[in-house]
Amino acid sequence: MPLTVLFFYIALAVALFVLDFRFHAIGFLRQGIFVLTVPLQRLSQVPKNFLLESKRYFYTLDSARTETERLKAAALVAALDLNRVTQLKSENDNLRALLELRRREKVGGQAANVLYTARDPFSRRVYIDKGSQQGIREGLPVIDSKGIIGQITFTFPFSSEVTLLTDKSQAIPVQIERTGQRSITFGLGNGQVELRYMPSNADVVIGDILHTSGLDGIYPAGFQVARVTQVARDNAYAFARIVAMPLADVEGHNLVMVLDIQEKSPLPVEQKNAENREDY
Amino acid sequence: MQTPNHQSNRILRPVRPWFIVLSILIALLLNMLPPRQWLFMPDWVLLTLCFWSIREGQKIGMGVAFCLGLFMDVADSAALGQHALAYVIASYTASAFSKRILWFSLPLQALHVFPIFLATSALQIFIQLVAGKDFPGFAQFLPSFVAAALWPLLSFFLLLPQYQPEFRDETRPI
């Protein structure tokens, strides 16, 4: 009798696994169970929050003062750039208008706290404290102050799951800042990303900054992603092996920002008479 | 203190159902605390589940194991069914061997449950490999060792409420 029950549950578990993994058909079940886990999750955050709060409480006047000085200096430097940016932006808008280019999409966003990371050593995912009730949708990009962190992959009513750019299933179209060459980063699963399908003679050097190219219509163009840390060229392979380190504090637990892209960039119009073109 | 097993003549009080629920809730909470990132952190839910499956196989069985597994799947954002399958098999094995295990002292009991923990992590890693992930390294088996080492301590604490005497002597100093 227990053996029958055992096989019943095994069959059930395998069926759930297949439905979830192959067909992604039971998101509602996951959402339902997640609602049950929320109280425990919140409770488990209490010790961490308590430690953080007490640390903030014992923050001394001296460190606050040095911090203010540092921030003032930083603000001065930033103000210099900011002045130029407003001027450059208007100039850029004019130039774009002249060139009849579509204006860059307006990007808004909302800040969120990282609640916790998934316990699973296989996945690079974190949970944040904003969900579908706050207008978070699946697919939105997530950044921190230094660059791209990842993408919303699942939303619950009051929290959502962010797949980090270092996850194996995460790919981001990027552009090398120095040369303007386009490529795609793939997560390696160990806190780094890899540039795949770059020819072994590609012009990439260590220290190159990668920023989003905006080609996928998900990540807006111009956000920094990673810095190249390792370039291995082996003539035995057609492609160079290029590894880059994310610039953002991807594996840290900090404040993040979910970008809200107001208007989706339209997909390129299929060219009807492509075969008649002579310029390629 | 004499270990309450089938060899000893110590008689335990019946377990209170709310204590089982409480212990499982605490185990779930422990599984969700930030230290779960540590490599050697045991799966507390599995540990508690195995304990109650051995001690109270009539109350805690595969149904509870399945529900707890689904809960952990969602909490860990693993594929649904990964923990559920592992917990159900662990619970079945534990209760199937309970009649044998309960004849031994606590350290020997730990040696008996150790293979269950080991097989459970192996099963979970296997499911992940099926799902197309990489092998995470043998360090993933470390929590099984820790869990087995914690077994005597856990048994002691989870049996504490049942050590109380049937008739409490109010005039007793302690």
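The largest nonpolar core of this predicted model comprises 50 residues, and those with the most contacts inside it are Leu49(B), Cys50(B), Tyr87(B), Val88(B) and Ala90(B). At least two residues of this core come from each of α1 (2–21) of chain A and, in chain B, α1, α2, α3, α4, α6 (106–130) and α7 (142–159). A second, separate core has 35 residues, among them Ile148(A), Ile149(A), Leu210(A) and Leu259(A). Chain B consists of seven helices with zero strands, whereas the secondary structure of chain A comes to four helices and 12 strands.

**The two chains in outline**

- Chain A has 280 residues, of which 25% are buried, and 57% of its contacts with a separation of 6 or more are between residues 24 or more positions apart.
- Chain B has 174 residues, of which 40% are buried, and residues 24 or more positions apart account for 65% of its contacts with a separation of 6 or more.
- Read from the N terminus, the elements of chain B follow the order α-α-α-α-α-α-α.

**Helix packing in chain B**

- Helix α2 (residues 44–55) of chain B packs against α4(B) at an angle of about 35°, the two axes being 8 Å apart, and the crossing of this pair is right-handed.
- On the α2(B) side the contact is made by Leu46(B), Leu49(B), Cys50(B), Ser53(B) and Ile54(B), which meet Tyr87(B), Ala90(B), Ser91(B), Ala94(B) and Ser95(B) on the α4(B) side.
- Sorted by class, the contact of α2(B) with α4(B) contains seven nonpolar and three polar residues, with no charged residues.
- Leaving aside residues up to four places away in sequence, Tyr87(B) touches Leu46(B) and Leu49(B), and also Ala65(B), Phe66(B), Leu68(B) and Gly69(B).
- Leu49(B), Cys50(B), Tyr87(B) and Ala90(B) thus appear both in this helix contact and among the residues with the most contacts inside the largest nonpolar core.
- As a general background to such cores, nonpolar side chains in soluble globular proteins tend to be buried together.

**The interface between chains A and B**

- The two chains meet through 31 residues of chain B, which are in contact with 35 residues of chain A.
- Within chain B, the side that touches chain A draws at least two residues from each of α1 (17–32), α3 (62–75) and α4 (82–96), and α3(B) gives the most, with six residues.
- That side of chain B has 20 nonpolar, seven polar and four charged residues.
- Helix α1 (2–21) of chain A and several helices of chain B, including α1, α3 and α4, each supply at least two residues of the largest nonpolar core.

**The barrel of chain A**

- In chain A, six strands close into a barrel, with antiparallel pairing in the order β6-β7-β8-β11-β10-β9.
- Averaged over neighbouring strands of this sheet, and with direction ignored, the turn of one strand against the next is 40°.
- Strands of a sheet pair through backbone hydrogen bonds, in either a parallel or an antiparallel arrangement.

**Strand pairs and hairpins of the barrel**

- Strand β6 (residues 171–176) and strand β7 (residues 182–187) of chain A run antiparallel and are joined by five bridges, with Val174(A) having Ser183(A) in β7(A) as its bridge partner.
- The hairpin of β6(A) and β7(A) has five residues between the strands, and Gly180(A) in this hairpin takes a positive phi near 80°.
- Four bridges connect β7(A) with strand β8 (residues 193–196) of chain A, again in the antiparallel sense, and here Gly187(A) stands opposite Val193(A) in β8(A).
- The hairpin that β7(A) forms with β8(A) also has five residues between the strands, and in its turn Gly189(A) has a positive phi of about 90°.
- Strand β10 (residues 224–232) of chain A pairs with strand β11 (residues 241–246) of chain A over six bridges in the antiparallel sense.
- Along the pairing with β11(A), the bridge partner of Arg227(A) is Met245(A), while Val231(A) stands opposite Ile242(A).
- Strand β9 (residues 209–212) of chain A is paired antiparallel with β10(A) over three bridges, and His211(A) has Gln224(A) in β10(A) as its bridge partner.

Note on methods:
Residues are numbered from 1 along each chain as its sequence is written. Chains are lettered from A and ligands numbered from 1 in the order in which they are written. This is a predicted model: local features need pLDDT of at least 70, side-chain atom pairs count only at pLDDT 80 or more; totals for chains, interfaces and linings use all residues. Two residues are in contact if their C-beta atoms, placed from the backbone, lie within 7 Å. Ala, Val, Leu, Ile, Met, Phe, Trp, Tyr, Cys and Pro count as nonpolar, Asp, Glu, Lys and Arg as charged, and the others, Gly among them, as polar. Two strands pair if DSSP finds at least two bridges between them. Axes are lines fitted to C-alpha atoms, for helices over the stretch in contact, and angles run from 0 to 180 degrees between N-to-C directions. A residue is buried if 20 or more other C-beta atoms lie within 10 Å of its own, exposed if 12 or fewer, and partly exposed in between; C-beta atoms are placed from the backbone. A crossing is left-handed if the near helix is turned anticlockwise from the far one by less than a right angle, and right-handed if clockwise. A nonpolar core is a set of buried Ala, Val, Leu, Ile, Met, Phe, Trp, Tyr and Cys residues joined through C-beta atoms within 7 Å.
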